[in-house]
Amino acid sequence: MLHIQKDPSAVTAALAEWITQTIETVLQKQNRFTWVLTGGNSPKALYGLLAASPYKERIAWDKLHIFWGDERAVPFSDDRNNAKMTYTHLLNKVPVIPEQVHVMRTDIQPEQSAVEYEKVLQGYFGAEGNSFDLVLSGMGDDGHTLSLFPGTAVIHEKAAWVKAFYLAAQQMYRITLTAPVVNRASSVVFLTFGANKAKALYEVLEGRPDTDVYPSQIIQPASGELHWFVDEAAAALLNAKPLAGQ
């Protein structure tokens with residue numbers, strides 16, 4: 001489903017309400033909500049909204065179990081660390097239960113961190129059925145999502161749920177969830193805005209399939225929902241456009 005709003009502020013407001021309603025609805029049927037967060041700059045305003053009234057009071061934070069989609073292998077003190085950003089803008093401001101927040105460790109070797117994180121996930125999810133209740137992700141202007149970058153082998157991972165690899169272009173290790181576990185999620189939502197994303201968004205949604213060039217195409221939930229929350233600038237090249245706000 002494609003949700004187009006006028007500008008980044010409107011996108012953020014609509015997504016904050018949508019996420020909150022999703023959490024409320026799911027928790028009427030079960031006693032926990034598993035949520036994958038994303039890093040980068042795009043979700044900072046979203047996290048700020050969720051950490052403030054009225055969303056802070058509406059969300060049952062004690063029932064949330066928090067995960068991350070990917071991480072840069074830099075210390076938690078480093079501003080590039082996704083977990084640090086999320087704590088700064090969201091988790092430090094809401095009553096989450098620390099034991100239910102699962103960071104990707106960067107104080108050990110990346111490969112070992114991936115192994116440990118997969119064990120955590122296997123403690124939550126079995127080999128069959130849905131995985132996360134919600135995966136929040138973004139898309140780079142090169143079409144990447146998570147740490148699935150164009151031309152990387154991890155795009156095509158079929159077995160492991162978590163992988164670590166050295167990304168030469170950034171001269172650093174990355175740790176990432178893979179398509180097999182993300183595509184078992186009940187809901188995946190992309191937050192994408194800005195004219196710099198327009199070409200990639202068009203190619204991902206309406207271009208020919210080529211996951212090596214546009215890795216975001218690999219995210220296709222098997223039995224769950226896929227939502228894109230975008231602004232008019234990002235959607236400028238799309239042919240199929242719902243009415244604004246839909």
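This passage looks at the nonpolar core of a predicted model and at one strand, β8, with its neighbours.

A good place to begin is the interior. The largest nonpolar core holds 78 residues, and Trp35, Phe132 and Leu177 have the most contacts inside it. Helix α1, spanning residues 8–26, supplies the largest share of this core, with seven residues. In soluble globular proteins, nonpolar side chains tend to be buried together.

Leu177 gives a helpful view of these surroundings. Leaving aside residues up to four places away in sequence, Leu177 touches the aromatic residues Trp68, Tyr117, Phe132 and Trp161. Its other contacts are with Val36, Gly69, Met104, Leu121, Leu146, Leu148, Val162 and Val182. Phe132 thus appears twice, both as a partner of Leu177 and among the residues with the most contacts inside the core.

Attention now turns to strand β8, residues 187–192, which is mostly covered, with six of its six residues buried. In a regular strand the side chains alternate between the two faces of the sheet. In β8, Ser187, Val189 and Leu191 point one way, while Val188, Phe190 and Thr192 point the other way, and all are buried.

The pairing of β8 can be followed through Leu191. Strand β5 (residues 134–138) pairs with β8 in the parallel sense over four bridges, and Gly138 has Leu191 as its bridge partner. Strand β9 (residues 225–231) also pairs with β8 in the parallel sense, over six bridges, and here Leu191 is matched with Phe229. Between β8 and β9 the chain passes through helix α7 (residues 198–206), making a right-handed β-α-β crossover.

How values were computed
Residues numbered from 1 in each chain as written. Predicted model: local features only at pLDDT ≥ 70, side-chain atom pairs only at ≥ 80, totals over all residues. Heavy atoms only, no water. Core = buried A, V, L, I, M, F, W, Y, C linked by side-chain atoms within 4.5 Å. Buried < 20%, exposed > 50% of the residue type's maximum accessible area, 1.4 Å probe, protein only. Helix = DSSP H or I, 4+ residues; strand = E, 2+ residues; numbered from the N terminus. Contact = heavy atoms within 4.5 Å. Pairing = 2+ DSSP bridges. Right-handed = clockwise from strand over helix to strand, strands pointing away.
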